[in-house]
Amino acid sequence: MSKIKGLVLRAAGINCDVETQYALELAGFEAERVHINELLKNKSILEENQILVFPGGFSYGDDVAAGRILANQIEHHLFEKVEEFVGAGKLVLGICNGFQVLVKSGLLPASPQIGCRSVSITHNDIPQFYDNWVYLQPGTEKCVFINPEQRIYLPMAHGEGKVVTKDARTLSTLQKDGHIAFRYVDKDGKTGDYPINPNGAVDSIAGLTDSTGRVLGLMPHPERFIRRIQHPQWTRLPEDIEADGMTIFKNAAEYVQNNL
Ligand SMILES: NC(=O)CC[C@H](N)C(=O)O
């Protein structure tokens, strides 16, 4: 098998980079953590990689709004480079704070039909940081990270996770064009109010993909469920189950192996 490589972006306040690097490595990537300042100095580092991951955390202390400052850096200094990266068939994953950065920089939903700043992520309806485990139902067949039939269970932890759209037309374009990667549901797959939808996101949106299906952003944390023993009821699970978070990283590795 040829080597596949992943870059995990660091910045002040990011705190899930080590776990994310580890999850990529378990899936078969050689993964490296690179600071944003390093990448801005030498943008060609990106070209050696097949996946770019924006991990979770509190970049720049969530100052102004979660992900806003890092998103500005991406929008003004790295946007074309990342667009080229995706255009070359490569993958981008944004987890929690990383999802906030992808949306606020305009890398998601990146649809020609949806104007810049028509989608955002804001404070949870319940006015506090909240963490829990949530069920996620895939909402599209076109995202390479997702098994469309598989409902997954992952931990979430955020204060600003509510996906919002500017208007009803934007939401209907997201729905119609297959941008909704995941919705929050209950264990039987039904949507509902809090706590099923933990932040009040419009249409229960927990994750979005772009028009290529190669960019995924989601609020819950796949890198926090890569081993069976991380599940809250792990002692009752069969020994041979695959942790749901791993499916996202493994699908990415498989896609890269088969296509790049
Ligand atoms: N876990 C995270 O990445 C936290 C996300 C973000 N800083 C928030 O609280 O909204």
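**Group meeting: a walk through the predicted model**

Of the 260 residues in the protein chain, 47% are buried. That is the starting point for today, and please keep in mind that this is a predicted model.

Overall dimensions next. The C-alpha trace covers about 45 × 45 × 35 Å along its principal axes. The radius of gyration is 17 Å, and a compact globule of 260 residues would come out near 18 Å, so the chain agrees with that expectation. As for contacts with a separation of 6 or more, 75% of them join residues 24 or more positions apart.

Now the secondary structure. The protein chain has seven helices and 11 strands. Nine strands form an open sheet with mixed pairing, in the order E2-E1-E3-E4-E11-E10-E9-E6-E7. At the edges stand E2, residues 29–35, and E7, residues 152–158; each has a single partner strand, so one side of each has no neighbour in the sheet. On average, neighbouring strands of this sheet are turned by 25° against each other, direction ignored.

Let me go into the sheet at E4, residues 91–95. How many of its five residues are buried? Five of the five are. Both faces are covered: Leu 91, Leu 93 and Ile 95 lie on one side, Val 92 and Gly 94 on the other, and all are buried. In general, side chains in a regular strand alternate between the two faces of the sheet.

E4 has parallel pairings with two strands I want to mention. With E3 it pairs over four bridges in the parallel sense, and there Val 53 has Leu 93 as its bridge partner. With E11 it also pairs in the parallel sense, over four bridges, and Gly 94 stands opposite Gly 217.

Take Leu 91 as a single example from this strand. It counts as buried because it has 26 C-beta neighbours inside 10 Å. Leaving aside residues up to four places away in sequence, Leu 91 touches Gln 50, Ile 51, Val 144, Arg 214, Ala 252, Tyr 255 and Val 256. The pair with Ala 252 is separated by 161 residues along the chain, and the two C-alpha atoms are 7.5 Å apart.

From there to helix H5, residues 97–105, where nine of nine residues are buried. Those include Asn 97, Phe 99 and Lys 104. What do the buried residues of H5 pack against? The list is strand E3, helices H3 and H4, and strands E4, E5 and E11. Just after the helix, Gly 106 has a positive phi of about 90°.

The loop between H5 and E5 has two backbone features to check. Pro 109 is in that loop, and the peptide bond leading to it from Leu 108 is cis, with omega near -5°. Ala 110 is in the loop between H5 and E5 as well; its phi is positive, about 50°, although it is not a glycine. With 22 C-beta neighbours inside 10 Å, Ala 110 counts as buried.

E5 itself, residues 119–122, has alternating side chains. Val 119 and Ile 121 point to one face and are buried, while Ser 120 and Thr 122 point to the other and are not. Four bridges join E5 to E8, residues 162–165, and the two run antiparallel. Ser 120 stands opposite Val 164 in that pairing.

On the other side of E4 in the strand order, I will pick out E6 and E9. Strand E6, residues 130–138, runs antiparallel to E9, residues 180–185, with four bridges between them. One bridge pair is Leu 136 with Tyr 184.

The loop between E9 and E10 holds Pro 195. The peptide bond from Tyr 194 to Pro 195 is cis, with omega near 10°. Asp 203 lies in the loop between E9 and E10 too, and has a positive phi of about 50° without being a glycine. Is Asp 203 buried or exposed? Neither fully: with 16 other C-beta atoms within 10 Å, Asp 203 is partly exposed.

Last, the ligand. It is surrounded by 13 residues, and the closest are Gly 56, Cys 96, Asn 97, His 158 and Glu 160. The shell divides into five nonpolar, six polar and two charged residues. Of the closest residues, Asn 97 has come up already as one of the buried residues of H5.

Technical notes:
Residues are numbered from 1 along each chain as its sequence is written. This is a predicted model: local features need pLDDT of at least 70, side-chain atom pairs count only at pLDDT 80 or more; totals for chains, interfaces and linings use all residues. The radius of gyration is taken over C-alpha atoms; the globule rule is 2.2 Å times the number of residues to the power 0.38. A residue is buried if 20 or more other C-beta atoms lie within 10 Å of its own, exposed if 12 or fewer, and partly exposed in between; C-beta atoms are placed from the backbone. Two residues are in contact if their C-beta atoms, placed from the backbone, lie within 7 Å. Two strands pair if DSSP finds at least two bridges between them. Axes are lines fitted to C-alpha atoms, for helices over the stretch in contact, and angles run from 0 to 180 degrees between N-to-C directions. A residue is near a molecule or strand if its C-beta atom, placed from the backbone, lies within 6 Å of it. Ala, Val, Leu, Ile, Met, Phe, Trp, Tyr, Cys and Pro count as nonpolar, Asp, Glu, Lys and Arg as charged, and the others, Gly among them, as polar.
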